[in-house]
Amino acid sequence: MSSEPIIFLEEVLVKRGNFCLEIPKLQIFTGERVGIVAPSGQGKSTLLMLLAGLIAPTKGRVCVCGVDPVSQPPQWRAQQLAWMGAELELATDLRVHEQVTLAAHLMKHPIPSQDITDEVLNRLGLAGFQNRTMASLSTGQQQRVALARVLLHPAPLRLTDEPTASLDKGWSNVCSDLLLGESDAVTVCFASHDPTLIGRADRIISPEGSPP
Amino acid sequence: MRVAWILAKSRWRERPSTLLLLSLAIALAAAVPTGTNQAVQREVQKLRQQTQGIPLVAGAGSAGQTDLVLAALDFDPRSIPTATWGLVEAARQDVPDGVLPMHLGHQASGVTLIGTESDVVSTLGLTLASGRWCIRPGEIVAGANTSLDRFSLGNIVESEAPQKFALQAPPTQRLRVVGRCAPTGSPADQVAWTNLTTTWVLDGLYHAHQSDSGQPNNATADRQILAPNTPLIRNLYDQDGSGLHAHISKSELPIHLLRITPQDQRSLTMVRTNLKLAYGAMTAVPEKVADELAESFAARAKLIQLAVVVPGLGVSLLALLVVWLDWQRRRAEHAGLRRLGASQWMLVGSFALELMGTLIISILLTTALTFGLAIFAARWVM
């Protein structure tokens, strides 16, 4: 683990309507697997969006990969973050093999080789689904496609929101291993209620958002 | 660009029916007016070509005159020989077999000119004192009491148009005196005679419509259309009070030059109806009538447009609904792609590529539809 935090938050306040999230200080270091655990509505997703630069803090300082994420162009997200939202956000007309290599195209990196792609899809139980569109897949399969996209995205930081929400225990185990079991160069930050995934985290943080 | 291409390609691959529907809606919107207009223009052109060689001329300044024109056409639905102003001009220079455009209402040096036929001269009790009977265009025979100075054999006199008719002919004609009649003791001695074939027969008919004082007869001015085969001409000549008109059989009526210039919608309708009745087709339509007919075609073309536009509009509305639903779905999708790091320009690029494909197909469809509609509209219009 590096001594330099890849994520650093200080005196952060987020107000969105009646919701208020306060984070006095948060540091996450490179290679850490951090689980964000809290009851629904306490700000897990808000915190992830804050880290991804999708929302700006009302006040305070947010620093991700050394920069303020909100002020960065979209390409920065493609370069630094492997994002998986709770709503999966899969392009409905793309086929599975296009979905999982989309991030590489966005980063303008060489796309993963066919072997690597096939291996990831195989491990996620999606062998033979390469040419299927999202409409023909179940919710669980779609979730695994979204996860495959994250796994094939060569970004240093993975931010995932409920990555195993629609999966049974068996697939939850497999996906947890894949998401968290890679090299220490990748930092993973996830929000989840899934004990299988939470149990594999290096550290658990619990934001306490509440009405102001 | 690569992502834009992947996204655009995926739309066409997965939703071809949606995009084809859009293309069809665009194509319909463009092809209907274009195709129909092409059809109308083609028909107008065809009509103009048909009528180019037929500058049919007849003074038809009012509904009454139009009646006469129509009656004449219905009376004797022969093919109208082609005549041009060049021929008319040639006739003025005494070219044999030419046609001299002149009203029967013309006068020459104050003397009324009457058209008649050599065959019926004897029935009027006319005999020649000198010279010969007029047989060529521009020749006249003077009555016994006309001025010897002006109407001596070989003299040239200028005719004077009556200033009542809407004729497009030259207002005056050069006429040569080729004979003088012997006295009869009747009003026939006061006039000059000219061969009927040299005159404007339809204006002669109108002449018959005039009262004794030379004014148009109001009783006949607003007559409705006459039924075909009405023995109009004979009756008109018979009923003329002056007794100076020649009797001529309907089959001998020399309708050489006619110009139908209806001045109101009713006359136009009559012209159109009767031409169709008489000829069954628009093969001998004067140029101006052709223009009017072209307008009629255009009106029908609008009907065609309406008939095609209504379903086209329905398709367009359906397409708009599809677009709206698709747009709602796409907004969420674009938001997701932006979270992944897709730039706004990349998304715009994918949309532009998709639109370009839609437009290319639209253009192809428009071309095909325009061609098809032009044929369909042309047949329907005719």
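Two strands pair if DSSP finds at least two bridges between them, a strand being a DSSP run of E of at least two residues and a helix a run of H or I of at least four, numbered from the N terminus. The model is predicted, with local features needing pLDDT of at least 70 and side-chain atom pairs pLDDT 80 or more, whereas totals for chains, interfaces and linings use all residues. Residues are numbered from 1 along each chain as its sequence is written, chains are lettered from A in the order in which they are written, and side-chain values use heavy atoms, without hydrogens and water.

**Exercise 1.** Determine the strand order of the open sheet of 5 strands in chain A, and explain why β5 and β8 of chain A stand at the edges.

*Solution.* The order reads β5-β6-β7-β3-β8 (chain A), and the pairing is parallel. Because β5 (81–84) and β8 (203–205) of chain A each have a single partner strand, one side of each is left without a neighbour in the sheet. At the β8(A) edge, 3 bridges join that strand to β3 (residues 33–36) of chain A, and G35(A) has I204(A) as its bridge partner.

**Exercise 2.** Establish whether E98(A) counts as buried or exposed, and which residues of chain B E98(A) touches.

*Solution.* E98(A) belongs to helix α3 (residues 96–107) of chain A. Its relative accessibility is 6%, so E98(A) counts as buried (under 20% relative accessible area, with exposed over 50% and partly exposed in between; 1.4 Å probe, protein chains only). Residues up to four places away in sequence not being counted, E98(A) touches I6(B), K9(B) and R13(B), where contact means heavy atoms within 4.5 Å.
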